[in-house]
Amino acid sequence: MQSWRRKALLLALSASWLLVLLGAFPLLRLAVPTRPRAGASQGWPRWLDAELLQSFSQPGELLEDAPEPPQGPRGGSCDWGACFDASKCRGGGLKVFVYSAAGPVSETHRRILASIEGSRYHTSNAAEACLLLLPLTRDSSAGECSPVPPQWNGGRNHLVLSLHPAPCPRTFQLGQAMVAEASPTVDTFRHGFDVALPLLPEAHALRGGAPGQLRQHSPHPRVALLALAEERGGWHTAGTNFSACPWDGRCEQDHGPEQTHPGATLPNATFCLIPGHRPDASHFLQALQAGCIPVLLSPRWELPFSEVIDWTKAAIVTDKRLPLQVLAALQQMPLTRVLALRQQTQFLWDAYFSSVEKVIHTTLEIIQDRIFGASAHPSLLWNSPPGALLALSTFSTSPSDFPFYHVQQGSRPVGRFSALIWVGAPGKPPLKLIQAVAGSQHCAQHSFSEPQALGSMLRMQRKSRKIPPQIQIQILVLWSSEKPPPPRWPETAVPLTVSEGHRKVSDRFFPYNAISTDAILSLDAHSSLSTSEVDFAFVVWQSFPERMVGFLTWNHFWDEALGGWGYTAERANEFSMVLTSAAFYHRYYHTLFTHSLPEALRALADEAPTCVDVLMNFLVAAVTKLPPIKVPYRKQHQEARPPLAPEGRGPRPEPQPPVRNCINQMAAGFGHMPLVSSRLRLDPVLFKDSVSVLRKKYRSLEKP
């Protein structure tokens with residue numbers, strides 16, 4: 001009897017375990033996405049639970065979850081290796097030719113042309129172009145897309161650009177052409193070949209763009225936790241009782257502080273819930289600009305620039321069929337994680353999405369990275385400030401060579417500098433200045449075996465800006481004066497090179513290949529500095545290698561009377577610019593100045609010498625979002641006061657138009673005012689303290 005009971009109990013336990021295993025296996029499949037096939041395009045995971053969820057829902061409720069019929073990728077089996085000839089781009093890099101409109105130029109076509117013309121990518125000769133760009137815009141007269149250009153060649157080395165979804169019916173086959181369109185569906189997007197763009201509004205800024213609107217990085221108690229994108233274009237906020245709001249935006253109760261209206265564009269919340277339908281992609285950029293963390297609910301569109309941007313650092317992709325779990329996870333997210341996500345939204349918005357120009361340049365930079373390989377821009381450069389658009393791969397592919405990543409890399413700049421002295425106006429040669437700079441311990445170079453070689457002077461009678469790379473410069477004199485240079489120069493402890501020839505003012509910021517040090521000390525012939533001033537300024541720069549460190553300062557201001565920007569050299573408690581007649585900065589800014597700035601801005605600086613200082617400060621401030629650093633100096637420079645404001649902001653004589661307008665024209669060229677004001681000056685420890693002079697390291701700074 002007992003044996004029979006034991007057998008029955010064992011049989012029952014075995015049957016129950018079998019039922020548990022059989023019943024649990026389908027449930028486990030809920031969390032297991034399909035395994036991608038080798039060589040298949042990688043999209044969002046497709047879940048294998050449609051048949052299970054149907055039995056727990058009313059008919060018609062989950063129709064959107066039903067698997068859609070697969071659509072063949074555009075262009076057949078096109079990929080980067082098969083449909084793009086990269087050999088045309090090896091010589092001069094990525095050169096882009098934009099087809100002109102067959103009829104009247106649309107506003108979209110005009111904005112695309114304005115974004116590329118004047119950039120380092122543009123060429124007006126289709127024969128030398130590496131990439132042929134065809135903007136897909138609507139012809140107002142015919143209502144159809146632009147016709148196929150004569151150099152179409154089956155679409156090879158072509159990029160069809162569509163800033164807005166389906167602007168017109170396409171009447172031609174794409175063939176081997178790449179497609180860059182707004183919010184493409186995951187089924188038709190070809191990874192590694194096409195480029196996913198953001199869905200831009202019609203009135204998106206051409207350049208510059210509005211800044212991010214985030215003012216409070218951590219969740220504020222009086223700010224709503226969630227904002228739900230609505231179909232009619234607005235946002236609906238919900239407070240702590242957010243479980244009352246389903247995904248479709250119909251909130252039965254709203255305990256939040258406010259409810260936005262359809263006309264409001266930017267949400268005021270910590271998380272922004274965005275449905276996965278393609279029309280809802282327009283809310284994505286709004287959330288980024290507002291610093292509201294996008295929570296994408298099973299998106300069916302490819303995230304913009306997903307090939308290079310790590311969206312896990314700025315957005316959350318989740319399953320819309322798990323509402324309670326998602327909402328609970330958002331409410332319990334650590335504040336440190338919230339802070340990191342919100343900061344990344346602001347960086348990505350400003351670096352890649354705030355203007356049409358940045359969107360198009362990012363698209364071209366992605367294609368250029370494909371040409372030169374994945375190492376052209378490591379992921380750190382794409383996903384860390386200031387972004388890949390401002391970290392040119394033509395300068396270096398290593399983050400440690402740029403001035404922005406020393407903290408992440410745990411490194412610091414090389415402990416020496418090169419001096420670049422500009423001699424433009426007629427005057428005496430800067431002999432005392434050369435001796436003061438050469439006496440700096442940070443300028444010395446000990447690679448020569450004989451002491452006499454250190455004091456040798458190399459004089460180059462040539463007009464070319466190229467200097468043989470075997471000449472390692474420590475002091476470079478750019479002689480651009482009408483008077484000939486002196487026959488003899490002072491003996492120095494470092495190599496001295498004199499490059500003679502007429503140059504434009506902007507040529508002082510040319511990336512001379514013989515300057516190999518990270519730091520450059522930019523000087524004018526009339527500058528007057530002591531060795532102690534140079535040493536201390538360089539030590540300060542080593543702690544802030546991404547910023548400009550200088551002695552004389554200017555400040556910008558808004559002139560209500562003239563309705564524009566102005567700047568002054570009046571000594572006050574604020575400054576936003578340092579004069580490049582005596583300043584330290586990283587040599588990478590020479591590369592940015594020459595190859596990244598529009599040619600029109602460099603030409604403007606050549607017209608008025610005062611404007612070249614303004615332009616360099618604009619560039620560094622736009623990259624770093626930080627002000628320059630001021631250090632003390634013992635004697636004023638002769639060019640301490642610009643001709644624009646001889647007496648500060650008070651009554652002043654009418655300046656020359658190029659000088660008066662350069663700061664406003666540069667602000668228009670950048671699309672915004674990038675300068676940042678500061679009230680900080682860094683002095684040495686014990687500077688002007690009542691202690692013995694023998695205890696002070698930089699003693700000559702206090703001499704009259």
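Strands, as named in these legends, are DSSP runs (E) of at least two residues, numbered from the N terminus. The model shown is predicted.

**View 1. Glu302 in the loop between strands S9 and S10.** Glu302 lies in the loop that connects strand S9 (293-297) with strand S10 (316-318). The relative accessible area of Glu302 is 5%; because buried residues are those under 20%, Glu302 counts as buried. Its side chain forms a polar contact with the side chain of Ser306, at 2.7 Å.

**View 2. Strand S2, covered on both faces.** Strand S2 comprises residues 131-135, and 5 of the 5 are buried, so the strand is largely enclosed by the rest of the structure. In a regular strand, side chains alternate between the two faces of the sheet. On one side of S2 are Leu131, Leu133 and Pro135, and on the other are Leu132 and Leu134; all of these residues are buried.

**View 3. Parallel pairing of strand S2 with strands S1 and S3.** Strand S1 (residues 96-98) runs parallel to S2 and is joined to it by 3 bridges. Within this pairing, Val96 of S1 is positioned opposite Leu131 of S2. Strand S3 (residues 158-162) also pairs with S2 in the parallel sense, through 4 bridges. Here Leu132 has His158 of S3 as its bridge partner. The two S2 residues named in this view, Leu131 and Leu132, are buried on opposite sides of the strand.

**View 4. Buried and exposed sides of helix H15.** Helix H15 spans residues 599-607, and its buried residues are Leu601, Arg602, Leu604 and Ala605. Viewed down the helix axis, the buried residues of H15 fall within an arc of 155 degrees, so they line one face of the helix. An α-helix has 3.6 residues a turn, so residues three or four places apart point the same way. Glu599, Ala600 and Glu607 are exposed on the other side of H15.

**View 5. The largest cavity and its lining.** Across the whole structure, a search finds 5 cavities of 30 Å³ or more. The largest cavity has a volume of about 60 Å³. Its lining is formed by Arg547, Met548, Ser576, Asn617, Val620, Ala621, Leu626, Pro627 and Pro628. Classified by residue type, this lining contains 6 nonpolar, 2 polar and 1 charged residues.

Conventions:
Residues numbered from 1 in each chain as written. Predicted model: local features only at pLDDT ≥ 70, side-chain atom pairs only at ≥ 80, totals over all residues. Heavy atoms only, no water. Buried < 20%, exposed > 50% of the residue type's maximum accessible area, 1.4 Å probe, protein only. Pairing = 2+ DSSP bridges. Polar contact = N/O pair within 3.5 Å; in protein donor to acceptor, adjacent residues only side chain to side chain. 1 Å grid on protein atoms, 1.4 Å probe; cavity = no way out; pocket = protein on both sides within 12 Å on 5 of 7 lines; lining within 4 Å. Points joined across faces, edges and corners; volume = space filled by probe spheres on them. Nonpolar A, V, L, I, M, F, W, Y, C, P; charged D, E, K, R; others polar. Arc of directions from axis to C-beta.
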